[in-house]
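Let's take a friendly walk through this structure, one part at a time. Have the sequence and the 3D view ready as you read.

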Amino acid sequence: MLSSGMNRRVIWAYLALALNCGAKLQADNLPGSATQPVQRSDPNSRLAHERLVEKAKQGGIDVFFVGDSITRRWGAAEPQYRALLENWKTNFFGWNAANFGWGADRIENILWRLQNGELDGVNPKVIVVLAGINNVGTEPGDPKKPEDITRGLKAIVDLCHTKAPNATLILTAIFPRNDNMDVIPTINQINSNIERLADGKQIRYININDKLADSKGTFFSGMVNSDKLHPTLKAYQLWADSLRPIFTELLGPPASRDHAPPPTGNPSANGN
């Protein structure tokens with residue numbers, strides 16, 4: 001039989017454990033956490049979401065790309081991205097690939113979009129995810145930042161598996177950004193974390209950063225636009241070079257016809 005002193009110590013130990021567990025659960029559910037879906041409030045993003053939901057309803061999609069502006073620009077309809085769209089068609093025509101990226105989205109915004117119709121009934125065979133750079137931002141933040149972003153990316157993976165249980169996910173490592181080199185360690189830590197999410201089967205992981213930048217994260221010449229964030233056509237081709245063998249493995253060679261919906265544009269004339 002435990003003494004009263006030992007009883008108190010045991011009780012306090014259980015209370016401390018419960019509080020720690022509760023704190024972690026609360027941290028995962030705090031407003032502002034990357035794991036909590038958030039709708040964009042600006043009218044342009046709302047309209048873009050409606051158009052993407054309509055795009056999803058058209059069907060014929062075997063490869064579903066989702067992410068922020070880095071993803072979106074590759075398959076966008078605006079004239080300024082015509083060269084990127086041509087590159088998209090050159091690489092993916094015949095695999096029924098559709099682009100569901102949206103500019104300036106954080107992970108929590110992507111989660112909201114996927115929860116609210118953009119993946120409903122699509123049943124793609126492959127989902128390509130590149131997200132998180134807007135959560136990284138231009139400041140390193142505290143050590144909790146990579147953990148929160150990692151949890152957010154895992155939430156995307158889990159949601160995709162719920163909405164499209166037969167799809168193979170391809171997690172793409174977050175690309176460097178050179179507008180503040182202090183964030184490179186944060187990006188590297190997140191990429192190391194999400195690599196461990198991959199099982200090599202239903203969840204694949206690709207990292208082309210050693211082709212985009214040197215060991216310090218500085219982009220090689222010709223790989224990034226003047227904003228030091230968005231990739232050039234040359235960089236997108238390197239991404240395609242990493243994706244195409246996986247698509248061939250999972251889908252076979254591209255067909256002579258393509259059934260994916262046409263690319264969408266930005267509702268605003270000044271969007272990204």
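A good place to begin is the open sheet, whose 5 strands follow the order β2-β1-β3-β4-β5 with parallel pairing. At its edges sit β2 (97–101) and β5, each of which pairs on one side only. As you move from one strand to the next, the twist averages 20 degrees. Keep in mind that what you see is a predicted model.

Now look at strand β4, which covers residues 168–172. Is this strand enclosed or open to the outside? Since 5 of the 5 residues of β4 are buried, the strand is largely enclosed by the rest of the structure. Its side chains are shared between two directions: Thr-168, Ile-170 and Thr-172 point one way, while Leu-169 and Leu-171 point the other way, and all are buried.

Let's see how β4 connects to its partners. On one side, strand β3 (residues 126–130) runs parallel to β4 and is joined to it by 4 bridges. Among the bridge partners, Val-126 goes with Thr-168 of β4, and Ile-127 goes with Leu-169 of β4. Strand β5 (residues 203–206) is also parallel to β4, again with 4 bridges joining the two. Here Thr-172 has Ile-206 in β5 as its bridge partner. To get from β4 to β5, the chain passes through helix α8 (residues 184–195), making a right-handed β-α-β crossover.

Helix α8 also has a helical companion to explore. The axes of α8 and helix α7 (residues 144–163) come within 9 Å and cross at roughly 40 degrees. That angle makes α7 oblique to α8, and the crossing of the two is right-handed. Which residues meet where α7 and α8 come together? From α7 come Pro-146, Ile-149, Thr-150 and Leu-153, and they meet Thr-186, Gln-189, Ile-190, Asn-193 and Ile-194 of α8.

Next, turn to β1 (63–67) and β2, where helix α5 (residues 107–118) lies across both strands. This helix runs at about 140 degrees to β1.

Our last stop is a single residue, Ala-48, found in helix α2 (residues 43–57). Ala-48 has a relative accessibility of 5%, so it counts as buried. Which residues does Ala-48 touch, leaving aside its neighbours within four places in sequence? Its contacts are Trp-102 and Pro-267. Pro-267 is 219 residues from Ala-48 along the chain, yet the C-alpha atoms of the two are separated by 6.3 Å.

Note on methods. Residues numbered from 1 in each chain as written. Predicted model: local features only at pLDDT ≥ 70, side-chain atom pairs only at ≥ 80, totals over all residues. Heavy atoms only, no water. Buried < 20%, exposed > 50% of the residue type's maximum accessible area, 1.4 Å probe, protein only. Contact = heavy atoms within 4.5 Å. Pairing = 2+ DSSP bridges. Right-handed = clockwise from strand over helix to strand, strands pointing away. Axes fitted to C-alpha atoms, helices over the stretch in contact; angles between N-to-C directions. Parallel < 35°, antiparallel > 145°, perpendicular 65-115°, else oblique. Left-handed = near helix turned anticlockwise from the far one by under 90°.
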